[in-house]
Amino acid sequence: MADAKPMLIGDEWINDSGAVLKSTNPATGATNYEVCAATRAEVNRAVDTARQAASASTWQGMLPHQRARLLSGVAELIEARADEFASLQMRENGKVWRECRAQALSASAIFRYYAAVCETITESLTPSRGNYVSMTVHEPYGVVAAITPWNSPLTMEAQKVAPAIAAGNAVILKPSEITSSPALELGRAALEAGLPPGILNVLPGSGAVAGDALVRHPGVQFVSFTGGTESGRRIAAAAAEKLMPVALELGGKSPHVVFADADIDAAVAAVSDGIFEGSGQSCVAGSRLFVQRSVHDRVLAGIVERAKALRIDLPDAPGAQFGPLASFPHRDRVAAIVDKAKAEGGDVVTGGGRPPFEKLSGGAYYLPTVIAGLANTAGICQQEIFGPVLCVLPFDDEDDLLQQANDSVYGLAAGIWTADYRCAWRVARKLEAGTVWVNTYKQLSISTPFGGFKQSGIGREKGTGGLRLYQQEKSLYFG
Ligand code: NDP
């Protein structure tokens, strides 16, 4: 316990909660370290600390450009320590080095972006309908809980913490129990950058204990959650009890569409990256591929060829393109879903097992997998897998495509490949998804809103609205 990594409440590092999380390297199965886990007692303490910090006159009176300066300081520290942040994430979730490093730099850029938004966003006058001046201003909620998943902690956490603090709140960050360390380092950077103690608190712990206690705590006034749809549903139900607003970024089963007139080589490359990057552990992974029937076999063959050519290796091996899944139970879950699809008549065209390399045998690896021959109604085409598994489905025309692609409880993202921009426009407007890419895929920018339709979520992160998410509007009338 004494060796366990401590949690951060205010400016105190605490490791005597009596509970620990064990961090395992999914690439090797080796134990990384133990992390002290928050229980209800630490949640209560963190909420008290955050409330005091949020209501302190020094914080409430701090002008936006002064808050922006602090956020820029955090950005500088993350950038300077990008290797350290990247290596912590890599050891905990197994993503390849190149991606971890890019995500560390992206986290820094997110803080920089919200520093700029913080000091430039304006309030507005509303049209007067009488002898008065009316306006709307925006005020922070107070204490925000940010609850994050394991697949991209560096960026997800920056995406919540930076705008919530820019908006004037205090934040309690509960990272996934698989990836506690990037969040703890973010807490350290925030203190070093001069953020007042208590404005960012970091509580590693389980969702069932720490996460649930945070959501239900009367002192928490807003929850920003990214994770699975079932967890989101539970959080929304708990939030309803106290009538608390929430932002939910949830799961997806995104359709990636290739029309016969598309640049097939470019489409094949994007479809392959869109599902296999991060070993498929991306909320926007294009996991259902719809190919117009006349080019179906050609596209399928191209993707299989790329899947087989991916460099599967230890995440820190030079040139590694494809690492392990983030945990052994998750790998076993993915394998079970594929086995079930096989039993139901799915044709596993490539993959469907573990890589046959001795040096990877201790890790949670699962091969890039392509399945054909099942209808969109099959379980594997409807369920979010969150692994490197692509289902390939043919379609005849736009109507057939839209009927199949929209037949999903999810609506997070979609991609379209075609040379016909009229077709792209029609289909993009009719696909039920929060983000649609045309002749590109997985292009994500902090300046563009992101979120889901249907059961993929409630609310939009990113962009200037990403800061407003963490504020409530107040109307003022001056007679
Ligand atoms: P989970 O929903 O299992 O967990 C996400 C976070 O919520 C974790 O910190 C978890 O804690 C916590 N949690 C779980 N249950 C509760 C609860 N009842 N109350 C409070 N907190 C809770 O998701 P995963 O970590 O498995 O991440 C994968 C999922 O995230 C996928 O479904 C994916 O689609 C989604 N995701 C969505 C994104 C989006 O932007 N739409 C982006 C990235 C991922 P614990 O660590 O104990 O599990």
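**Exercise 1.** In this predicted model, determine whether C100 is buried or exposed, and find how far its sulfur lies from the closest cysteine sulfur.

*Solution.* Begin with the accessibility: C100 has a relative accessible area of 0%, so this residue is buried, given that buried means under 20%. Next, take the sulfur of C100 and look for the closest cysteine sulfur, which belongs to C283 and lies 16 Å away, too far for a bond.

**Exercise 2.** Treat C391 in the same manner, and then state how many disulfides the structure holds.

*Solution.* The relative accessible area of C391 is 1%, and therefore C391 is buried. The closest cysteine sulfur to that of C391 is in C381, at 3.9 Å, which is too far for a bond, because a disulfide requires a pair of cysteine sulfur atoms within 2.5 Å. For the structure as a whole, the number of disulfides is zero.

**Exercise 3.** Describe the secondary structure of the protein chain and work out how its radius of gyration relates to the globule rule.

*Solution.* The protein chain contains 16 helices and 22 strands. Its radius of gyration is 23 Å, close to the 23 Å that the globule rule gives for 479 residues, so the chain is as compact as a globular protein of that length. Along the principal axes, the C-alpha atoms fill a box of roughly 65 × 65 × 40 Å.

**Exercise 4.** Characterise the burial, the contacts and the exposed surface of the protein chain.

*Solution.* Of the 479 residues, 58% count as buried. Among contacts between residues at least 6 apart in sequence, 72% join residues at least 24 apart. Finally, the chain exposes about 19,200 Å², of which carbon and sulfur atoms supply 52%.

Conventions: Residues numbered from 1 in each chain as written. Predicted model: local features only at pLDDT ≥ 70, side-chain atom pairs only at ≥ 80, totals over all residues. Heavy atoms only, no water. Helix = DSSP H or I, 4+ residues; strand = E, 2+ residues; numbered from the N terminus. Rg over C-alpha atoms; globule rule 2.2 N^0.38 Å. Buried < 20%, exposed > 50% of the residue type's maximum accessible area, 1.4 Å probe, protein only. Contact = heavy atoms within 4.5 Å. Areas by Shrake-Rupley, 256 points an atom, 1.4 Å probe, with all protein chains shown as cover.
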